[in-house]
Amino acid sequence: MTAPATTAPESAAGPGPTAALKALYVYGITPAGVRVPRSPGVDGSPVGLLTESGLCAAVSDAPPRLRPRRRDLLAHQAVLDELAAQGPVLPMRFAVLSPRTDTLLAQLRSDAEHLTRQLDGVRGCVELNVKGTVVPGHFADLVRRDDRLRTLALRTRRRPDYEANVRLGEAIALGVRREARRAAREVVDRLAPLAVRTVQGATDDEQVLSASFLLRSADEARFREAVAERSRACGDRLALSVTGPLPCYSFVDPRPAPPAGR
């Protein structure tokens, strides 16, 4: 999203005389009526609110140079945390800009129905992300249970050489990843019924599970208990971690889909 839009930003100091001409950094969109975040924004800039059509966009002046420095990433998150503590928020990813205040306000007006529907969809909800990485240490048990691996291990033991050891190592690594991926599917199958929505993320050979869950805030404790139970059940194959609660990044689309045929 470049950015939605009202008048100049509201802040403790009030809008500056050239506010309408400045590019804006956009943090997120909320229903109208939220308090101005006290946390400083990126590059230490004060955060203000643009209000239009029953919506607010939290913004600050765009810095001359925008880089993903740790302090600015944390500032972005702190502003979103303040907004999320007050109610639903459509969070923007780091470095979303709007070229002008009037552009942002016009976007808020034109997209008001879509944005309001998105806010209603995450009202009372949080996002938790669950990741799972391969645990490489259960070779002996895997070889005992897999006839092909057991045969290959016996053959390698009887006639050891470099190529045989490489083949055995590759086969075991493949088997370990296969077991971990099976465990990852079991985790998602158990956790998804506790969530309003689930989105699967990118994985690789080591991180075989990355899933985001949209949860009612009241269900967070029960969800964490379910993750702990799954961790005990598959801890020899898959190491689980939970991040959150987070703003609902994975479950919002700030821009409406274009009409069919365009």
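Mentor: Buried means under 20% relative accessible area, exposed over 50%, and partly exposed in between (1.4 Å probe, protein chains only). The model is predicted, with local features needing pLDDT of at least 70 and side-chain atom pairs 80 or more, while totals for chains, interfaces and linings use all residues. Residues are numbered from 1 along each chain as its sequence is written, and side-chain values use heavy atoms, without hydrogens and water.

Trainee: Happy to start! How many aromatic pairs does the structure hold?

Mentor: Rings of Phe, Tyr and Trp (its six-membered ring) pair if their centres lie within 6.5 Å; planes under 30 degrees apart are stacked, over 60 edge-to-face and the rest tilted. The number of aromatic pairs in this structure is 3.

Trainee: Which class does the pair of Tyr-25 and Tyr-27 belong to, and why?

Mentor: Look at the ring centres of Tyr-25 and Tyr-27 on your screen, which are 4.7 Å apart. Their planes meet at 55°, so the class of this pair is tilted.

Trainee: Is Tyr-25 buried or exposed, and what is the relative accessible area of Tyr-27?

Mentor: Tyr-25 has 0% relative accessibility and therefore counts as buried. Tyr-27 is buried as well, and its relative accessible area is 0%.

Trainee: What is the angle between the planes of Phe-213 and Phe-223, and where in the chain do these two residues sit?

Mentor: Phe-213 and Phe-223 make a tilted aromatic pair, 5.0 Å centre to centre, with 55° between the planes. The pair links distant parts of the chain, 10 residues apart. Helices (H or I, at least four residues) and strands (E, at least two) are DSSP runs, numbered from the N terminus. Phe-213 is in strand β8 (residues 207–216) and Phe-223 is in helix α7 (residues 220–234).

Trainee: Are Phe-213 and Phe-223 buried or exposed?

Mentor: Select Phe-213 and Phe-223 together, as the answer covers the two of them. Phe-213 and Phe-223 are each buried.

Trainee: Which residue joins Tyr-25 and Tyr-27 in one aromatic cluster?

Mentor: We have already met Tyr-25 and Tyr-27 as a tilted pair. The aromatic cluster that holds these two tyrosines also includes Phe-94.

Trainee: Where is Asp-204 found, and how far in space is it from Thr-133?

Mentor: Asp-204 belongs to the loop between β7 (197–200) and β8. This residue counts as partly exposed, because its relative accessibility is 43%. In sequence, Asp-204 and Thr-133 are 71 residues apart. In space, their C-alpha to C-alpha distance is 9.3 Å.

Trainee: Which peptide bond is cis, with omega near 5°?

Mentor: Follow strand β9, where Pro-245 lies. The cis bond leads into this proline, running from Gly-244 to Pro-245.

Trainee: What is the sign of phi in Ser-53, and near what value does it lie?

Mentor: Ser-53 is in the loop between β2 (48–52) and β3 (55–61). At 39% relative accessibility, Ser-53 is counted as partly exposed. Most residues other than glycine have a negative phi. Ser-53 is a residue other than glycine with a positive phi, near 55°.

Trainee: Where is the place of Ala-95, and what is its phi near?

Mentor: The loop between β4 (90–91) and β5 (97–98) contains Ala-95. Its relative accessibility is 35%, so Ala-95 counts as partly exposed. Ala-95 is another residue other than glycine whose phi is positive, here near 80°.
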